[in-house]
Amino acid sequence: MLERRDFVQQLLIDRGDLLVVSGLGSATYDVAAAGDHPLNFYLWGAMGGTAMIGLGLALAQPNRRVAVITGDGDMLMGMGSLATIGVKQPKNLAIVVLDNARYGETGMQPSATDNGIDLVAVALACRFKYARVVSSIDGAADVRALLHRGEGPILVNARISAEDTPRVLPLRDGHAIKQRFIEALNSV
Amino acid sequence: MHSPTSIETSWPDAIFAQFRRVGVRQVGYVPDAGHSRLIALCKDDPTIADVVLTTEEEGVGLVAGAALGGERAALLMQSSGVGNCINMFSLFRNCGFGCVVLVTMRGEFGEFNPWQVPMGAMTEDVLRLSGFLTYRVDSADAVDETVGAGCDMAFDGNLQVAILLSQRLIGRKQWTR
């Protein structure tokens, strides 16, 4: 099992101009804890929509890399979007699901992945180019390389432990997060 | 694809021309008979990424992502799809993403299928409560101007604009045994 903060931190080392969209709740806190960055689009709501924001961004910016970092609850709610992404085959899009098999924001209730529902198998059935489980921190460097160089669409299901981590709260004003992101994207 | 010969049948072409004028680069849709010609026009255009969605709410994320990446995107859906989007529409308001949604109406004038009526009857209210400006189009000759104005307001002003294409415009769904 992975410790989520340590894992996300390692994914975002020397990130360059990697564009990151983070799903509401703990995934947003993990991405913020790895270091606030103007090319982070933090979600605080819109559950189920994170992967689709990644798709719209990947289609608009085909020469940059887009990483969606989100939780199992958000990915399960947007499972249909894996089919939508599979149709478009964006080469520059990778999704990392931080899977603790729990709904962490609401009291750690078990999610569908706790009952054997397999997001890697779903992604492969949706014609993702590559999908795998990672459960050891030794795999973080490989996943980081996938985010920067792997041929998408990619899904990595990261088996993280379910302990509660302290909240690290980034910007909450959606207009500010958007504007900062767009300005940073136009200047790199 | 047949070529439309009158304004009654060419209104999808007018919408498409407005998409071209304002530089729409992504179009998300759940297929609908009323949008079939417009969808075909978008698919045939190499400058537009057409994205078939499994549910309309995915389109809200698509529009937001496109805008973050500097592209304009539009959504096409049937009135029933508006209900699928309600929570996701908060993304537009929270962040100020401009969007044009073209809604083909069901469940109103001459509707054959009563199961379409509840959502069709509340579609415009739902859109307004979700922060949209709504403009209703009942005749083909009003499509071009309304869609053009809507696109300008949405993309120049980061507003959420919904254009309701009424069942009178689209025509009753023809049912055959």
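Let's start in the middle, with the largest nonpolar core. It holds 114 residues, and V96(A), V63(B) and V103(B) touch the most other members. The biggest helical or strand contribution comes from α3(A), which gives the most to this core, with eight residues. One caution before we go on. This is a predicted model.

Take V96(A). Which residues does V96(A) touch, leaving out those up to four places away in sequence? On that count V96(A) touches L11(A), then A67(A), V68(A) and I69(A). V143(A), V156(A) and A158(A) complete the list.

Now chain A as a whole. Its secondary structure comes to eight helices and eight strands. Along the principal axes, the C-alpha trace spans about 45 × 35 × 30 Å. How does the radius of gyration of chain A sit against that of a compact globule? A compact globule with 188 residues would come out near 16 Å. Chain A has 15 Å, so the two agree. Buried residues make up 49% of the chain's 188. On contacts, look at pairs in chain A at least 6 apart in sequence. Of those contacts, 75% join residues at least 24 apart.

On to chain B. Here we have eight helices and six strands. Going along the sequence, the pattern reads α-β-α-β-α-β-α-α-β-α-β-α-β-α. The C-alpha atoms of chain B fill a box of roughly 45 × 35 × 30 Å along the principal axes. Chain B has 177 residues, and a compact globule with that number would have a radius of gyration near 16 Å. Chain B has 15 Å, which agrees. What share of chain B counts as buried? The figure is 49% of 177 residues. For contacts in chain B with a separation of 6 or more, residues 24 or more positions apart account for 75%.

Last, where the chains meet. How many residues of chain A are in contact with chain B? There are 25, and they contact 27 residues of chain B. Three helices of chain A each supply at least two residues to that side: α3 (50-60), α5 (80-88) and α8 (174-187). The largest share, eight residues, comes from α3(A). By class, this side of chain A has 13 nonpolar, 10 polar and two charged residues.

So keep an eye on α3(A). That helix gives the most to the largest nonpolar core. It also supplies the largest share of the side of chain A that touches chain B.

Terms used
Residues are numbered from 1 along each chain as its sequence is written. Chains are lettered from A and ligands numbered from 1 in the order in which they are written. This is a predicted model: local features need pLDDT of at least 70, side-chain atom pairs count only at pLDDT 80 or more; totals for chains, interfaces and linings use all residues. Helices (H or I, at least four residues) and strands (E, at least two) are DSSP runs, numbered from the N terminus. The radius of gyration is taken over C-alpha atoms; the globule rule is 2.2 Å times the number of residues to the power 0.38. A residue is buried if 20 or more other C-beta atoms lie within 10 Å of its own, exposed if 12 or fewer, and partly exposed in between; C-beta atoms are placed from the backbone. Two residues are in contact if their C-beta atoms, placed from the backbone, lie within 7 Å. Ala, Val, Leu, Ile, Met, Phe, Trp, Tyr, Cys and Pro count as nonpolar, Asp, Glu, Lys and Arg as charged, and the others, Gly among them, as polar. A nonpolar core is a set of buried Ala, Val, Leu, Ile, Met, Phe, Trp, Tyr and Cys residues joined through C-beta atoms within 7 Å.
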